[in-house]
Amino acid sequence: MSTEIAKQEASKNGIELAKNVRGGFGTLQSFEFLQRVAKMLATSTLVPKEYQGNIPNCVIALNIANQLDADALMVMQNMYIVHGRPGWSSQFLISTFNTSGRFSSLRYEFVGKAGEDSWGCRAWAVEKSTGERLNGTTITIAMAKKEGWYAKNGSKWQTMPQQMLMYRAASFFIRAYAPEISMGMHTEDEIIEIGSGGYSYEPEARAQDEIS
């Protein structure tokens with residue numbers, strides 16, 4: 001077999017391998033494939049700095065992307081390391097939920113009066129298989145203040161209260177009804193606000209978080 005034909009065969013086999021082998025930790029072949037892809041991504045300047053030159057981080061991101069059936073680069077661009085803990089961007093978490101196919105898109109209901117502690121928001125969606133409307137926890141400004149989120153350095157509660165109410169309501173809803181989507185991880189904003197000490201939820205909310 002000539003050198004050129006051998007190269008063509010190798011290229012063809014490589015393409016078939018990429019099509020048929022799913023990277024992961026299940027088999028030696030899938031893990032080796034995962035490592036090869038991770039090495040390639042680690043040399044790219046298009047991935048966030050947390051992954052550049054860091055093969056282990058790339059392997060973890062690829063494995064998460066496989067479990068979510070999501071694009072690896074999208075996962076890398078929307079997963080952040082804060083206080084040593086991985087967390088999602090709120091937009092990515094909501095987008096992944098909305099495109100899961102199991103629920104209608106998230107909707108939001110506001111309660112109370114804007115500018116007051118009673119102002120709050122809850123997320124809801126319809127489960128397509130049953131037609132049931134699912135309601136999430138109502139998040140209020142009073143709760144944000146009581147939990148210490150409102151005045152936390154780095155948080156956006158005072159400058160973007162409506163957006164933060166929606167984001168927090170969405171993350172609570174997703175962890176309660178579709179925890180496999182968040183994979184047990186909080187959002188970047190939540191990690192900033194809770195620091196390394198964890199949540200000090202009310203009992204009901206703490207139970208929801210432990211379930212996820």
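A residue is taken as buried when its relative accessible area is under 20%. By that criterion, 38% of the 212 residues of the protein are buried in this predicted model. The fold is built from 10 helices and six strands. Among contacts between residues at least 6 apart in sequence, 49% join residues at least 24 apart.

A good place to begin is the interior. The largest nonpolar core has 46 residues, and M79, W88, F97, L106 and W157 are the ones that touch the most other members. Two or more residues of this core come from each of the helices α2 (28–42), α3 (55–68), α4 (72–78), α5 (90–98), α6 (141–146) and α7, and also from strand β4 (120–127). Helix α7 supplies the largest share, nine residues. In soluble globular proteins, nonpolar side chains tend to be buried together. The surroundings of M79 can be listed in full: leaving aside residues up to four places away in sequence, M79 touches Y51, A61, I64, P86, G87, W88 and M185.

The cysteines offer a short story of their own. C58 is buried, because its relative accessible area of 0% falls under 20%. C121 also counts as buried, at 0% relative accessibility. A disulfide is a covalent bond between the sulfur atoms of two cysteines. A search of the whole structure nevertheless finds zero disulfides.

Aromatic residues reward a closer look. Seven aromatic pairs are present in the structure. One of them joins W149 and F172, whose ring centres are 6.4 Å apart and whose planes meet at 70°; since planes over 60 degrees apart count as edge-to-face, the pair belongs to that class. This pair links distant parts of the chain, for W149 sits in the loop between α6 and α7 while F172 lies in helix α7, 23 residues apart. Both partners are shielded from solvent by the criterion used here: W149 is buried with a relative accessible area of 1%, and F172 counts as buried at 4%. A separate grouping is also found, in which F97, F103, F173 and Y177 form one aromatic cluster. Of these residues, F97 has already appeared among the core members that touch the most others.

Two arginines are placed over aromatic faces. R168 lies over the face of W149, at 4.6 Å from the ring centre, so W149 takes part both in this arrangement and in the edge-to-face pair with F172. The other case involves R133, which lies over the face of W124 at 4.0 Å from the ring centre.

A further arginine, R175, belongs to helix α7, which spans residues 161–177. Its relative accessible area is 3%, so R175 is buried. The side chain of R175 makes a polar contact of 2.9 Å with the side chain of E190.

Another glutamate, E116, has a more open setting. E116 lies in the loop between β3 (107–111) and β4. With a relative accessible area of 40%, E116 is partly exposed, because this value is neither under 20% nor over 50%. E116 and I141 are 25 residues apart in sequence, and their C-alpha atoms are 7.4 Å apart in space.

Note on methods. Residues numbered from 1 in each chain as written. Predicted model: local features only at pLDDT ≥ 70, side-chain atom pairs only at ≥ 80, totals over all residues. Heavy atoms only, no water. Disulfide = S-S within 2.5 Å. Buried < 20%, exposed > 50% of the residue type's maximum accessible area, 1.4 Å probe, protein only. Helix = DSSP H or I, 4+ residues; strand = E, 2+ residues; numbered from the N terminus. Polar contact = N/O pair within 3.5 Å; in protein donor to acceptor, adjacent residues only side chain to side chain. Core = buried A, V, L, I, M, F, W, Y, C linked by side-chain atoms within 4.5 Å. Contact = heavy atoms within 4.5 Å. Phe/Tyr/Trp six-rings, centres within 6.5 Å; stacked < 30°, edge-to-face > 60°. Lys NZ or Arg CZ within 6 Å of the ring centre and 35° of its normal.
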